[in-house]
Amino acid sequence: MLRELLRPNWLMECTLAELPIEALQERGIKALVLDVDRTLLPRHLAVVPASAQRWLAEAKQHFPIHLLSNNPSRQRIGSVAQLLDLPFTTSAGKPRRTALRRVLAQLQIPASQVALVGDRLFTDVIAGNRLGLFTVLVKPIDPQGRPCQRDRLQRFELRMAALIGTGLG
């Protein structure tokens, strides 16, 4: 069971800003739920890199988007959401499902047509898989908008998933 929960539908070797929007549409995706810290924003920063801003501007033309963060700072996440003109949820408690269920109710789109995009297996992917969303694991973002080169956390999670036989890649 845990093996399936840890397996993203799409394991990407790129950041959110490089995620092909057309490929999401081809997979029947109608809405996006985006993790914030390290997926959209670099660690400890509140400035969205230009590459992610461009990607979001394009994605917003095709999908409703909701920001979902475990971060408790309504001020930090809210200021980013306001800048991007997107709805948001803080203190989501992923991998718990409560906040994500509320987002799905607001979107009024079947879970299978919603993609949850994040950088963490043990929070983002598990939460999305528990509710039947299309889960996308991307590389964490650095302040320049590139894949983070020294990301120990995602590498650790991928090693742990491999040890329990998840079979990623």
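The exercises below deal with pockets, a surface patch, salt bridges and backbone angles in one predicted model.

Residues are numbered from 1 along each chain as its sequence is written. In this predicted model, local features need pLDDT of at least 70 and side-chain atom pairs count only at pLDDT 80 or more, while totals for chains, interfaces and linings use all residues; side-chain values use heavy atoms, with hydrogens and water left out.

**Exercise 1. Pockets**

Task: State the volume of the largest pocket and describe its lining.

Solution.
Step 1. Fix the term: on a 1 Å grid over the protein atoms alone, a pocket is an open set of points where a 1.4 Å probe fits, with protein on both sides within 12 Å along at least five of seven lines, and lining residues have an atom within 4 Å of a point. A volume is the space filled by probe spheres set on the points, which are joined across faces, edges and corners.
Step 2. The largest pocket holds about 250 Å³ of space.
Step 3. It is lined by 15 residues, and those closest to its centre are Asp35, Asp37, Arg38, Asp119 and Arg120.
Step 4. Sort the lining by type, where Ala, Val, Leu, Ile, Met, Phe, Trp, Tyr, Cys and Pro count as nonpolar, Asp, Glu, Lys and Arg as charged, and the others, Gly among them, as polar. The result is nine charged, five polar and one nonpolar.

Task: Do the same for the second largest pocket.

Solution.
Step 1. The volume of the second largest pocket is about 210 Å³.
Step 2. Its lining includes Arg38, Pro42, Asp142, Cys148 and Asp151.
Step 3. By type, the lining of the second largest pocket has six nonpolar, six charged and no polar residues.

**Exercise 2. Salt bridges**

Task: How many salt bridges are there, and which parts of the chain does the pair Arg38 and Asp151 tie together?

Solution.
Step 1. A salt bridge is a side-chain nitrogen of Lys or Arg within 4 Å of a carboxyl oxygen of Asp or Glu. Side chains of opposite charge can pair when their charged atoms come close.
Step 2. This rule gives eight salt bridges.
Step 3. In the pair Arg38 and Asp151, the closest N and O atoms are 1.9 Å apart. Arg38 lies in the loop between strand S2 (31-34) and helix H3 (50-59), and Asp151 in the loop between strand S6 (134-137) and H7, so the pair ties together parts that are 113 residues apart in sequence. Helices (H or I, at least four residues) and strands (E, at least two) are DSSP runs, numbered from the N terminus.
Step 4. Arg38 and Asp151 are both buried; buried means under 20% relative accessible area, exposed over 50%, and partly exposed in between (1.4 Å probe, protein chains only).

Task: Are Lys94 and Asp124 buried or exposed, and which network do they belong to?

Solution.
Step 1. Lys94 and Asp124 form a salt bridge at 2.6 Å, N to O. Lys94 lies in the loop between strand S4 (88-89) and helix H5 (98-107) and Asp124 in helix H6 (residues 121-130), so this pair ties together parts that are 30 residues apart in sequence.
Step 2. Lys94 counts as buried because its relative accessibility is 7%. Asp124 counts as buried because its value is 1%.
Step 3. For another pair, Arg146 and Asp142, the N to O distance is 3.9 Å. Arg146 is partly exposed at 48%, whereas Asp142 is buried at 11%.
Step 4. Salt bridges with shared partners join Asp35, Lys94 and Asp124 into one network.

**Exercise 3. Backbone angles**

Task: What kind of peptide bond joins Lys94 and Pro95, and what is the phi of His44 and of Asp85?

Solution.
Step 1. Recall the background: most residues other than glycine have a negative phi, and most peptide bonds are trans.
Step 2. Lys94 and Pro95 are joined by a cis peptide bond, with omega about 20 degrees. Pro95 is in the loop between S4 and H5.
Step 3. His44, not a glycine, has a positive phi of about 65 degrees. His44 sits in the loop between S2 and H3 and is exposed at 66%.
Step 4. Asp85, not a glycine, has a positive phi of about 55 degrees. Asp85 is in the loop between helix H4 (74-84) and S4, and counts as exposed because its relative accessibility is 62%.
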